[in-house]
Number of protein chains: 2
Amino acid sequence: MAGRGRPRDAGVEARVLDAAMTEMRARGYDEMSVDRVAERAGVAKTTIYRRWPSKAELVMAMITELTSAVPFDPSGDPRRDLSEFVAGIAAALDAIPTTLVADLVAAAAREPRVGVGVRALWADRHAVVSEAIARAQADGLMPAYADPRIIVDQLVGALYYRLLVTGEPIDPAYVRALVFGTLGPEQS
Amino acid sequence: MAGRGRPRDAGVEARVLDAAMTEMRARGYDEMSVDRVAERAGVAKTTIYRRWPSKAELVMAMITELTSAVPFDPSGDPRRDLSEFVAGIAAALDAIPTTLVADLVAAAAREPRVGVGVRALWADRHAVVSEAIARAQADGLMPAYADPRIIVDQLVGALYYRLLVTGEPIDPAYVRALVFGTLGPEQS
DNA sequence: TTAATTCCGCTACCGCCGTTGCGGAAATGC
DNA sequence: GCATTTCCGCAACGGCGGTAGCGGAATTAA
């Protein structure tokens with residue numbers, strides 16, 4: 001399986017991502033320099049650029065590791081699944097510095113490949129939640145005139161908008177209010 | 001009214017914002033350099049930095065001029081006002097390159113002052129729409145269990161999310177579906 | 001006219017992102 | 001052992017954002 005030449009140092013990737021993480025937490029995206037990340041990882045800067053084409057994609061790779069750890073196993077109960085879905089996104093957004101989320105969004109809009117990556121991370125969850133909403137509509141738990149996929153846009157969009165534009169906090173109360181506004185009061 | 005010393009060249013501001021606009025349209029945010037803007041405006045780079053503290057705020061000033069031109073005069077009819085509100089945002093987002101919107105969002109998240117500026121641009125409209133929604137709820141046109149301000153988050157957020165993250169188009173059909181999903185079918 | 005004041009253009013500089021080229025290190029195939 | 005191939009570290013560089021300092025230009029006050 002090994003190629004012809006010198007094999008890649010297996011530890012480099014993890015060391016760099018780790019260093020990027022600590023530098024990010026300590027200084028934020030703008031003040032984090034690739035040179036310092038390289039130094040902290042004990043690696044030449046060029047080695048970093050050989051694996052990730054830009055600072056944004058390096059950080060993107062770091063984030064992918066983080067967000068892929070957010071659990072999500074749908075139960076079939078719309079209210080429960082919706083709450084978990086929204087809370088999961090809120091938690092993921094909370095685990096990452098706000099400025100970084102903003103930069104990722106910017107990177108996603110600028111670099112199609114990054115955008116595709118971010119979307120793929122959540123595509124399956126979106127599909128599950130869309131189905132949960134459709135089921136809730138069919139069961140008469142909520143108005144049936146809205147497109148489930150658009151409701152997903154609205155749920156996720158509200159979180160991003162609040163975090164990035166209005167700057168207001170995304171606390172459990174907000175998450176609850178969001179789901180409550182979508183599904184309405186509990187029906188026994 | 002004139003101060004003691006040499007007065008500010010009145011034409012500089014307009015020339016710089018104009019140059020920034022054309023450079024932005026031609027090259028996008030990243031490839032637009034302040035040096036070139038200065039050259040095109042016939043102005044020293046330092047003069048630009050004396051008026052705007054950063055590239056982001058320079059572009060922000062440019063955008064403020066643009067978006068402040070989007071008209072909005074509420075009629076009192078919820079469906080009409082909601083449609084105009086959403087369509088107005090969609091139009092504003094459409095008039096600006098997507099990458100620029102993303103960078104502005106990033107700048108808003110990073111630089112509180114920029115965020116305050118953007119929010120102030122829309123604060124009054126948000127208030128009007130919130131009241132329109134509250135009125136619609138009171139009149140029984142839509143479910144009353146949702147917080148109007150959160151509905152505004154969801155409407156605006158869906159637009160941003162679609163534009164910046166999913167990359168899907170914001171066409172009149174989507175705007176219509178968004179309002180329809182919020183207010184439900186027309187009631188004669 | 002002269003001094004004080006404010007603005008402007010110019011040059012130089014720093015730090016950072018990202019690239020290029022080169023020599024050496026670590027593996028494989030003969 | 002030896003050539004080949006791939007990876008790595010190193011040094012240098014260009015371009016950009018942003019800053020500092022200086023000399024001169026334009027204005028007001030005396």
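These questions and answers cover a predicted model of two protein chains and two DNA strands.

Residues are numbered from 1 along each chain as its sequence is written, and chains are lettered from A and ligands numbered from 1 in the order in which they are written. In this predicted model local features need pLDDT of at least 70, side-chain atom pairs count only at pLDDT 80 or more, and totals for chains, interfaces and linings use all residues.

Trainee: How are the copies, chain A and chain B, related?
Mentor: Superpose them by least squares on the C-alpha atoms of residues with pLDDT of at least 70 in both. A turn of 180 degrees and a shift of 0.0 Å along the axis lay chain A on chain B, with an RMSD of 0.2 Å. The two copies are thus related as by a two-fold rotation axis.

Trainee: Which element gives the most to the side of chain A that touches chain B?
Mentor: Contact means C-beta atoms, placed from the backbone, within 7 Å. By that rule 37 residues of chain A meet 36 residues of chain B. Helices are DSSP runs (H or I, at least four residues), numbered from the N terminus; those giving two or more residues to this side of chain A are α6 (98-110), α7 (112-138), α8 (148-166) and α9 (172-183). With 13 residues, the most comes from α8(A).

Trainee: Why do the copies meet through the same surface?
Mentor: Look at the interface residues of chain A. They are also interface residues in chain B, so the surface is the same, for a share of 97%.

Trainee: How many residues on the side of chain A that touches chain B are nonpolar?
Mentor: Ala, Val, Leu, Ile, Met, Phe, Trp, Tyr, Cys and Pro count as nonpolar, Asp, Glu, Lys and Arg as charged, and the others, Gly among them, as polar. Nine residues on this side are polar and seven charged. The nonpolar ones number 21.

Trainee: Which residues come nearest to DNA strand C?
Mentor: A residue is near a strand if its C-beta atom, placed from the backbone, lies within 6 Å of it. There are 26 residues around DNA strand C. The nearest are Arg6(A), Ser33(A), Lys55(A), Gly5(B) and Arg6(B).

Trainee: Which residues are closest to DNA strand D?
Mentor: DNA strand D has 25 residues around it. Their surface divides into seven nonpolar, eight polar and ten charged. The closest are Gly5(A), Arg6(A), Arg6(B), Ser33(B) and Lys55(B).
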